Amino acid sequence: MGLILNKLITSRSLLICLCLTLGGCMRLEIETPAAPKPEPDKPLRVGTLYGPTTYVVGAAGPQGLDYELAEGFANHLQRELTIIPYASLPELYNDMSNGKLDLIASSLADTHLNRSFWRFGPPLYQTRLQVVYNRNQPRPDAIDALPQPLVVMAGSNHAELLANLALAGTQVQWQETDSQAAHELLAQVASGEVAFTLADDKTLAASRRIHPELATAFDIGPEFDVGWALHARGSDALFSELLDYWHLLKQAGRIAQLEEKYFGHVERFDYVDTRAFIRAVEQKLARYEPWFKAYAGELDWRQLAAISYQESHWNPKARSPTGVRGMMMLTRSTARRVGVDDRLDPQQSIRGGSDYLHDLIRRLPASIPEPERFWFALAAYNIGLGHVEDARVLAQRQGLNPSSWRDVKTVLPKLTQKRYYQRTRYGFAQGGVAAHYVDNIKRYYDTLVLLETRLPPMLAPLKVAINQE
């Protein structure tokens, strides 16, 4: 398993000990080789770790918050992007120290120790660490009362926090592994191979999409920033470009959009529903997958499949008291509009639902950017385009961005309140239901992506061509 007992203190843990022992008496100098200057005509070399919120590769290609931002940064620099995934943090750190990488984009914790090695860019978001256990086992009460050691990644901020706790006098037992990444340890907790681990709240929330047995015992330590890391003695020019890029992203609302895309729905977790969805994937999806792929059009077929599950749980004979029918739960008028003769025929329903969704996307105002248009179209699929436009008007009246799904989602529930809907064109609507509807589809889609990418990709560089026109 590649475990290192905490009694065998790692170099990073040793550095913590030295820092705490020496305190303010003297400054500890850390010798790291000077990074070479990046060459503009060379690829931007980005190191990362495989993970549900950072970088995954499936049939639709690479995805992840850090990946999307890295692709945008390479485009900003007009350089080719080379993503290099690593199996462990020590390997990643070693190559960064030796100048083989330009930056680390893996939601790295901005801790005191990490700042001794790396130069951090602006924070992406804040998170906190949690003790994770299997919900089928007794829930532990305190860090010093765990019946078995925690298992964490070697070289991680998880190990750093535990070493700090131990040095402060907390009785804590842990083991470090150099052969499993954080998401793999979470999988082992879900399977019962490991009793306890640490995870940041966002990685845990994403991992519960495919491992619903994971549960949080309690939080540990303060909140911390996560972000990108550059070589401590690296290029000032590259760091300056990163700051410019971040400023442009903030101005355009791009970081907020990505946070909404990857994290805006993760807190909504239902154990029973998640288990039922995974069971449906295993037992039903293969029957309808060819039609989802055939009629996906401009969408990822898994988006269409997620909508269909939300609508009917992949039941071609589904009916509701309001008169909608079939796999995509089409009304009579919508079915006529998209040429569906038999709403209970699964192939016709999937094709018709896709056509209707594409039509909604096309009819949205041009001011709504990609990928925001998809979320707005989903809400319109649920409550109608008119009510979505009412919510956009309400958002604008409140000083929010009517073309940001993150902003509009916050005002959708107000369409049930008389003081708001009486001033709209289309009146009352279950806007809160529509917001939950979109979040549910995001969760189902995430699960389909993660189920497809249970195993890490080949640990070889991924080169992405950047349009320099």
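At what angle do the axes of helix α10 and helix α19 cross, and within what distance do they come? I would like to start there, with the reminder that what we are looking at is a predicted model. The axes of α10, which covers residues 271–283, and of α19, which covers residues 431–452, come within 11 Å, and they cross at roughly 50°. That angle makes α10 oblique to α19, since roughly perpendicular would begin at 65 degrees and roughly parallel would need an angle under 35 degrees. As for handedness, the crossing of α10 and α19 is right-handed.

On the α10 side, the residues that make this contact are Asp273, Thr274, Phe277, Ile278 and Val281, and on the α19 side they are Arg443, Tyr444, Thr447, Leu448 and Leu451. If you sort the residues of the α10 and α19 contact by character, you find 6 nonpolar, 2 polar and 2 charged.

Let me step back for a moment to the protein as a whole. There are 19 helices and 12 strands in it, and of its 469 residues, 56% count as buried. Among the contacts between residues at least 6 apart in sequence, 71% join residues that are at least 24 apart.

Now to a second pair of helices, for which the same kind of description can be given, because two packed helices are described by the angle between their axes and the distance between the axes. Helix α2, residues 65–77, and helix α8, residues 236–252, have axes that come within 10 Å and cross at roughly 115°. The two helices are therefore roughly perpendicular to each other, and I would mention, with some care, that the class runs from 65 to 115 degrees. The crossing of α2 with α8 is right-handed.

Which residues meet here, in α2 and in α8? From α2 there are Glu68, Leu69, Gly72, Phe73, His76 and Leu77, and from α8 there are Leu238, Glu241, Leu242, Asp244, Tyr245, Trp246, Leu248 and Leu249. Divided by character, the residues of the α2 and α8 contact come out as 9 nonpolar, 2 polar and 3 charged.

From α2 we can move on to a strand, by way of one residue. Ser106 is found in strand β6, which spans residues 103–109, and, leaving aside residues up to four places away in sequence, Ser106 touches Thr48, Leu49, Thr54 and Asp66. Is Ser106 buried or exposed? Its relative accessibility is 11%, so Ser106 counts as buried, the cut-off for that class being under 20%. There is also a specific polar approach to point out, in that the side chain of Ser106 reaches the backbone nitrogen of Leu49 at 3.1 Å.

Two alanines in loops come next. Ala232 lies in the loop between β11, residues 214–231, and α8, and with a relative accessible area of 34% Ala232 is partly exposed. Although Ala232 and Phe120 are 112 residues apart along the chain, their C-alpha atoms are separated by 8.4 Å. Not counting residues up to four places away in sequence, Ala232 touches Phe117, Trp118 and Arg119. The other alanine, Ala87, is found in the loop between β5, residues 81–86, and α3, residues 89–97, and it is partly exposed, with a relative accessible area of 38%. For Ala87 and Tyr50, which are 37 residues apart along the chain, the C-alpha separation is 7.7 Å.

I will finish with the backbone geometry, where the background is that most residues other than glycine have a negative phi, and most peptide bonds are trans. The peptide bond from Glu370 to Pro371 is cis, with omega near -5°, and Pro371 lies in the loop between α14, residues 346–363, and α15, residues 372–383.

Where is His313, whose place is in a loop? That loop runs between α12, residues 301–312, and α13, residues 332–337, and the phi of His313 is near 55°, a positive value in a residue other than glycine. Trp314, whose place is likewise in the loop between α12 and α13, has a positive phi of about 60° although it is not a glycine. As to accessibility, His313 counts as partly exposed at 38%, whereas Trp314, at 1% relative accessibility, counts as buried.

How values were computed
Residues are numbered from 1 along each chain as its sequence is written. This is a predicted model: local features need pLDDT of at least 70, side-chain atom pairs count only at pLDDT 80 or more; totals for chains, interfaces and linings use all residues. Side-chain values use heavy atoms; hydrogens and water are left out. Axes are lines fitted to C-alpha atoms, for helices over the stretch in contact, and angles run from 0 to 180 degrees between N-to-C directions. Helices (H or I, at least four residues) and strands (E, at least two) are DSSP runs, numbered from the N terminus. Angles under 35 degrees count as roughly parallel, over 145 as roughly antiparallel, 65 to 115 as roughly perpendicular and the rest as oblique. A crossing is left-handed if the near helix is turned anticlockwise from the far one by less than a right angle, and right-handed if clockwise. Contact means heavy atoms within 4.5 Å. Ala, Val, Leu, Ile, Met, Phe, Trp, Tyr, Cys and Pro count as nonpolar, Asp, Glu, Lys and Arg as charged, and the others, Gly among them, as polar. Buried means under 20% relative accessible area, exposed over 50%, partly exposed in between (1.4 Å probe, protein chains only). A polar contact is a pair of N or O atoms within 3.5 Å; within protein, one must be able to donate a hydrogen and the other to accept it, and residues adjacent in sequence count only if both atoms are side-chain atoms.
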